[in-house]
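Welcome to a set of short exercises with worked solutions. Keep the sequence and the structure in view, try each task yourself, and then follow the steps.

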Amino acid sequence: MRPDLLKALGDSTRLAIFERLCTREHTVTELKSYFDVSQPAISQHLGILKHCDLVRERRSGRFAHYRARPEGLRPLATWLRHYQQFWPEKLSALSTVLKEIHDESR
Amino acid sequence: MNQGNEQIVVEYALTESPAKVWRALTEPELLARWLMQNDIVPIVGHKFNFRAQPMGDWNGVVDCEVLEVIPERKLVYSWQGGSTANDAYGHKLATTVTWTLEPATDNGTHLKLVHHGFHPDDFGFKAMGQGWRTKGQAIDSAAASA
């Protein structure tokens, strides 16, 4: 359940962090070197990505390592699959209804 | 019909005029005949909903807010409905539906629907470009395993 999945990816910095974490695991310090934002800000972005199940954390000694969790994008996949079928059906119905309006106005 | 990974685009060539198509998009009774029961008013800021038959754990309601209105040309509203638990009803993501009507040479209408997860004015939508390809692949694999 991730109702704010799109919001999480709608922020440019978070999106960039997510993409970087798709390539390999990073620590917060490593991530900070790529972005012009503070470490607490990076941590906050990671928190939101984790909350949305887009990132997972692995503890190793003093360090936390972060990696993207592409499966977290699954709601997006199901949303697409549903509406890719839904809209063509509805638009087909619309074209029928439009013809009926035409008939009524005659 | 053209389908991207990040949005759904459906285009239709209709023989009816933009004025008539606009009515079918914005008059609740006509809209209900092809989409769902609703209380739409084409005024920016108007909150309305679509109501379908409840199914499973989805109450059948899609919550919307009118975001942009250019009479007989463009209609944009937010769209949030479906179930977070059952994939069959589409996931309850906060999305946007954009209708564009263009007069066609035969006095008909070229109707375009774009249903997307980011409003085009949002930075996130613009930022997708390059990066989205990575996610597109991830989505494909997620879809394959879903």
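**Exercise 1. Find out how confident the prediction is in chain B and where its pLDDT stays under 50.**

Step 1. Start with the mean: chain B has a mean pLDDT (the predictor's confidence in each residue, from 0 to 100) of 78, and 69% of its residues reach 70 or more. This is a predicted model, in which local features need pLDDT of at least 70 and side-chain atom pairs count only at pLDDT 80 or more, while totals for chains, interfaces and linings use all residues. Residues are numbered from 1 along each chain as its sequence is written, with chains lettered from A and ligands numbered from 1 in the order in which they are written.

Step 2. Look for the weak stretches. In chain B, pLDDT stays under 50 over residues 1-5 and also over residues 119-139. Where pLDDT is low, the predicted coordinates should not be read in detail.

Step 3. Turn to chain A, whose mean pLDDT is 86, with 92% of its residues at 70 or more. Within chain A, helix 1 has the lowest confidence, at a mean of 80, and strand 1 the highest, at 95. For the whole model, the scores are ipTM 0.73 and pTM 0.71.

**Exercise 2. Check the length of helix 4 of chain A and work out which residues it buries.**

Step 1. Helices (H or I, at least four residues) and strands (E, at least two) are DSSP runs, numbered from the N terminus. The expected span of a helix is 1.5 Å times one less than its number of residues. For the 13 residues of helix 4 (residues 39-51) of chain A this gives 18 Å, and the end C-alpha atoms are 18 Å apart, so the two agree.

Step 2. A residue is buried if 20 or more other C-beta atoms lie within 10 Å of its own, exposed if 12 or fewer, and partly exposed in between, with C-beta atoms placed from the backbone. By this rule, A:Ile42, A:His45, A:Leu46 and A:Leu49 are buried in helix 4 of chain A. Seen down the axis, the buried residues fall within an arc (taken from the directions from the helix axis to the C-beta atoms) of 100 degrees, so they line one face of helix 4 of chain A. On the other side, A:Pro40 and A:Gly47 are exposed.

Step 3. What covers this buried face? The cover includes helix 1 (5-9), helix 2 (12-23), helix 3 (28-32), strand 2 (55-60) and strand 3 (63-68) of chain A.

Step 4. Follow one residue. Two residues are in contact if their C-beta atoms, placed from the backbone, lie within 7 Å. Leaving aside neighbours within four places in sequence, A:Leu49 is in contact with A:Ala8, A:Arg14, A:Ile17, A:Phe18, A:Leu54 and A:Val55.

**Exercise 3. Describe the open sheet of chain A.**

Step 1. Two strands pair if DSSP finds at least two bridges between them. The open sheet has 3 strands in the order 1-3-2, with antiparallel pairing.

Step 2. Strand 1 (26-27) and strand 2 of chain A stand at the edges; each has a single partner strand, so one side of each lacks a neighbour in the sheet.

Step 3. Between strand 2 and strand 3 of chain A there are 6 bridges. A:Ser60 has A:Phe63 in strand 3 of chain A as its bridge partner.

**Exercise 4. Trace the elements of chain B and the partners of its strand 8.**

Step 1. Chain B has 3 helices and 8 strands. From the N terminus on, they run β-β-α-α-β-β-β-β-β-β-α.

Step 2. Strand 8 (residues 109-116) of chain B pairs with strand 2 (residues 7-14) of chain B over 8 bridges in the antiparallel sense; here B:Leu14 has B:Thr109 as its bridge partner.

Step 3. Strand 7 (residues 95-103) of chain B also joins strand 8 of chain B through 8 bridges, running antiparallel. B:Thr96 stands opposite B:His116 in strand 8 of chain B. These two strands, 7 and 8, form a hairpin with 5 residues between them, and B:Asn107 in the turn has a positive phi of about 70 degrees.
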